[in-house]
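Work through the exercises below with the sequence and the model open. Try each task before reading its solution.

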Amino acid sequence: MLKYIREYGEYVEITGYRDVDFDKDEAFLKTSRKQTRQNFEIQFFDAELIATQEHLYFAILNALQVFKNKTNLSKSLSMETILFASAQHQIQRAIERCGIKPQTKNMAMMIIDEDPKQIQDVQQAVTKCVGKGPDESVLEMTKAKEEKIKKTFEITDIELRTLEYCNQEKAIVNLVIERVALLSTQL
């Protein structure tokens with residue numbers, strides 16, 4: 001999903017990959033890190049802990065805003081995005097919560113850049129490295145994913161009942177996005 005965020009003059013790509021084999025994860029990460037030394041931002045997430053594309057989109061918006069306001073906690077927009085996506089202030093905790101690990105099978109990815117062609121080139125490089133085409137369906141909610149997200153983000157049944165106007169899936173997404181938004185208000 002490529003979107004243009006006019007307020008910040010940036011394009012954002014949010015996608016995912018299914019059944020990624022991280023036996024060679026170290027080489028994979030080194031390859032992607034070399035590419036990130038250019039002027040674009042890239043971040044990888046465990047897709048099983050991402051509550052839809054909407055979750056990442058709001059994390060990105062919050063990260064862009066704190067950089068604009070010069071209130072960012074980290075030095076890079078990609079790292080700030082994982083802080084927001086995880087609703088954590090500490091980088092290590094953010095990575096532990098939402099980052100990719102050797103056992104990650106479904107991966108979410110975001111790329112931010114002013115140039116949509118650059119984003120396309122980076123996505124093609126990642127696709128080549130992963131050896132599989134993008135699959136945005138890894139970002140969709142499933143019952144198993146709902147349970148993992150509820151546990152990870154400490155979403156209670158009481159909170160879910162307060163959002164009785166929508167189904168459980170939408171309630172979980174809304175509560176995760178609320179935690180993302182609240183991060184910038186917590187010191």
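**Exercise 1. Classify Tyr 4 and Tyr 11 by exposure, then describe how their rings pair.**

Solution. This is a predicted model. Step one: take the cut-offs. Buried means under 20% relative accessible area, and exposed means over 50%. Step two: apply them to Tyr 4. Its relative accessibility is 40%, so Tyr 4 counts as partly exposed. Step three: do likewise for Tyr 11. At 23%, Tyr 11 is partly exposed.

Step four: turn to the rings. A pair of aromatic rings is described by the distance of the centres and the angle of the planes. The model holds two aromatic pairs. In one, the centres of Tyr 4 and Tyr 11 lie 4.6 Å apart. Their planes stand at 45 degrees, so the pair is tilted.

**Exercise 2. Find how the rings of Tyr 57 and Phe 58 are arranged, and say which charged end sits over the ring of Tyr 57.**

Solution. Step one: read the geometry. The ring centres of Tyr 57 and Phe 58 are 6.1 Å apart, and the planes make 80 degrees. Planes over 60 degrees apart count as edge-to-face. The pair is therefore edge-to-face.

Step two: check exposure. Tyr 57 has a relative accessible area of 18%, so Tyr 57 is buried. Phe 58 has 30%, so Phe 58 is partly exposed.

Step three: look for the charge. The charged end of Lys 3 sits over the ring of Tyr 57, 4.4 Å from the ring centre. Another such placement involves Arg 97. Its charged end sits over the ring of Phe 153, 4.8 Å from the centre.

**Exercise 3. Work out the strand order of the four-stranded sheet and state which strands stand at the edges.**

Solution. Step one: collect the pairings. E1 pairs with strand E2 (residues 10-17) in the antiparallel sense, over four bridges. E2 and E4 run antiparallel, joined by seven bridges. E3 and E4 are also antiparallel, with six bridges.

Step two: chain them together. The order is E1-E2-E4-E3, and the sheet is open. Step three: find the edges. Strand E1 (2-5) and strand E3 (41-46) each have a single partner strand, so one side of each lacks a neighbour in the sheet. Neighbouring strands are turned by 20 degrees against each other on average, direction ignored.

Step four: locate partners on the model. Leu 2 has Glu 13 in E2 as its bridge partner. Lys 3 stands opposite Val 12 in E2. Val 12 in turn has Ile 112 in E4 as a bridge partner. Across the E3 and E4 pairing, Gln 43 stands opposite Met 110.

Step five: inspect the turn. The hairpin of E1 and E2 has four residues between the strands. Gly 9 takes a positive phi there, near 65 degrees.

Step six: ask how covered the strands are. Seven of the eight residues of E2 are buried, so E2 is largely enclosed by the rest of the structure. E3 is mostly covered, with five of its six residues buried.

**Exercise 4. Test whether the length of helix H2 fits its residue count, and list what its buried residues pack against.**

Solution. Step one: get the expected span. At 1.5 Å a residue, the 17 residues of H2 should span 24 Å. Step two: compare. The end C-alpha atoms are 25 Å apart, which agrees.

Step three: pick out the buried residues. Among them are Leu 56, Tyr 57, Ile 60, Leu 64 and Val 66. Step four: name the partners. The buried residues of H2 pack against E1, E2, E3, H3, E4 and helix H8 (168-183).

**Exercise 5. Place Leu 73 in the chain, decide whether Leu 73 is buried or exposed, and name its contacts.**

Solution. Step one: locate Leu 73. It lies in the loop between helix H2 (52-68) and helix H3 (77-86). Just after H2, Lys 70 takes a positive phi of about 60 degrees.

Step two: classify. Leu 73 has 51% relative accessibility, so Leu 73 counts as exposed. Step three: list contacts, leaving aside neighbours within four places in sequence. Leu 73 touches Glu 80, Leu 83 and His 89. Step four: check one spacing. Leu 73 and Leu 83 are 10 residues apart in sequence, with their C-alpha atoms 8.7 Å apart.

Conventions
Residues numbered from 1 in each chain as written. Predicted model: local features only at pLDDT ≥ 70, side-chain atom pairs only at ≥ 80, totals over all residues. Heavy atoms only, no water. Helix = DSSP H or I, 4+ residues; strand = E, 2+ residues; numbered from the N terminus. Buried < 20%, exposed > 50% of the residue type's maximum accessible area, 1.4 Å probe, protein only. Contact = heavy atoms within 4.5 Å. Pairing = 2+ DSSP bridges. Axes fitted to C-alpha atoms, helices over the stretch in contact; angles between N-to-C directions. Expected span 1.5 Å × (residues − 1). Phe/Tyr/Trp six-rings, centres within 6.5 Å; stacked < 30°, edge-to-face > 60°. Lys NZ or Arg CZ within 6 Å of the ring centre and 35° of its normal.
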